[in-house]
Amino acid sequence: QVRLVESGGGLVQPGGSLRLSCAASGITFAIYAMGWYRQAPGKQRELVARITSDGRTTYSNSLKGRFTISRDNAKNTVYLQMNSLIPEDTALYYCNADAWGRDGLRYDYWGQGTQVTVSS
């Protein structure tokens with residue numbers, strides 16, 4: 001059974017930092033691209049950051065260098081370091097794992113999400 005379990009969310013003041021973690025099980029973690037997405041109330045889910053199996057990273061243009069994604073294949077975990085948080089970062093943050101199998105099928109999994117609230 002595949003599980004992606006996010007943690008590290010919470011309430012933080014503007015300008016503060018949080019580090020999200022996503023622990024994966026039930027998959028061969030090293031071959032998956034891992035991503036963080038977020039969804040604010042009334043808005044569509046959007047990509048925050050993504051890291052491929054070989055470590056290439058992609059970020060949303062709107063982040064302006066405030067967030068950093070990383071992965072630890074030994075721990076089957078992906079991280080999102082979020083700095084200089086602003087109220088607009090308030091959202092439910094989801095972890096995603098995706099890969100193409102040798103069978104030609106795409107495997108795509110989601111966590112349950114962790115809430116990040118930026119407010120004074």
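In this predicted model, Gly16 counts as buried because its relative accessibility is 18%, which falls under the 20% limit for that class. The residue is found in the loop that connects β2 with β3, the latter spanning residues 18-25. When neighbours within four places in sequence are left aside, Gly16 is in contact with Met82, Asn83, Ser84 and Leu85. With respect to Ser119, which is 103 residues apart from Gly16 along the chain, the separation between the C-alpha atoms is 9.9 Å.

A second loop residue, Thr52, is located between β5 (46-51) and β6 (57-59). Thr52 is likewise buried, because its relative accessible area is 13% and the limit for this class is 20%. Once residues up to four places away in sequence are excluded, the residues that Thr52 touches are Tyr32, Ala33 and Arg71.

Four strands form an open sheet in the order β1-β3-β8-β7, and the pairing within this sheet is antiparallel. Its edges are formed by β1 (3-7) and β7 (67-72), each of which pairs on one side only. From one strand to the next, the twist averages 15 degrees. Within this arrangement, β3 and strand β8, which covers residues 77-82, run antiparallel and are joined by six bridges; Arg19, for instance, has Gln81 in β8 as its bridge partner.

Further pairings involve strands β2, β9, β10 and β11. Strands of a sheet pair through backbone hydrogen bonds, in either the parallel or the antiparallel sense. The parallel sense is found between strand β2 (residues 10-12) and β11, which pair over three bridges, and here Val12 stands opposite Val118 of β11. Strand β9, comprising residues 91-100, is also joined to β11 by three bridges, but these two strands run antiparallel, with Val116 in β11 serving as the bridge partner of Ala91.

The side chains of a regular strand alternate between the two faces of the sheet. In strand β11, which comprises residues 114-118, the covered face holds Thr114, Val116 and Val118, whereas Gln115 and Thr117 belong to the uncovered face. Val116, the bridge partner of Ala91, and Val118, which stands opposite Val12, are thus both listed on the covered face of β11.

Strand β9 also pairs with strand β10 (residues 106-110), in this case over five bridges in the antiparallel sense, and Ala99 stands opposite Tyr107 in β10. These two strands form a hairpin with five residues between them, in which Gly104 takes a positive phi near 85 degrees.

The structure holds one disulfide, which joins Cys22 to Cys95 with an S to S distance of 2.1 Å. Because the torsion about the S-S bond of Cys22 and Cys95 is about -80 degrees, this disulfide is left-handed. Cys22 lies in strand β3 and Cys95 in strand β9, so the pair ties together parts of the chain that are 73 residues apart in sequence. Cys22 counts as buried, because its relative accessibility is 0%, and Cys95 is buried as well, with a relative accessible area of 0%.

Notes: Residues numbered from 1 in each chain as written. Predicted model: local features only at pLDDT ≥ 70, side-chain atom pairs only at ≥ 80, totals over all residues. Heavy atoms only, no water. Buried < 20%, exposed > 50% of the residue type's maximum accessible area, 1.4 Å probe, protein only. Contact = heavy atoms within 4.5 Å. Pairing = 2+ DSSP bridges. Axes fitted to C-alpha atoms, helices over the stretch in contact; angles between N-to-C directions. Disulfide = S-S within 2.5 Å.
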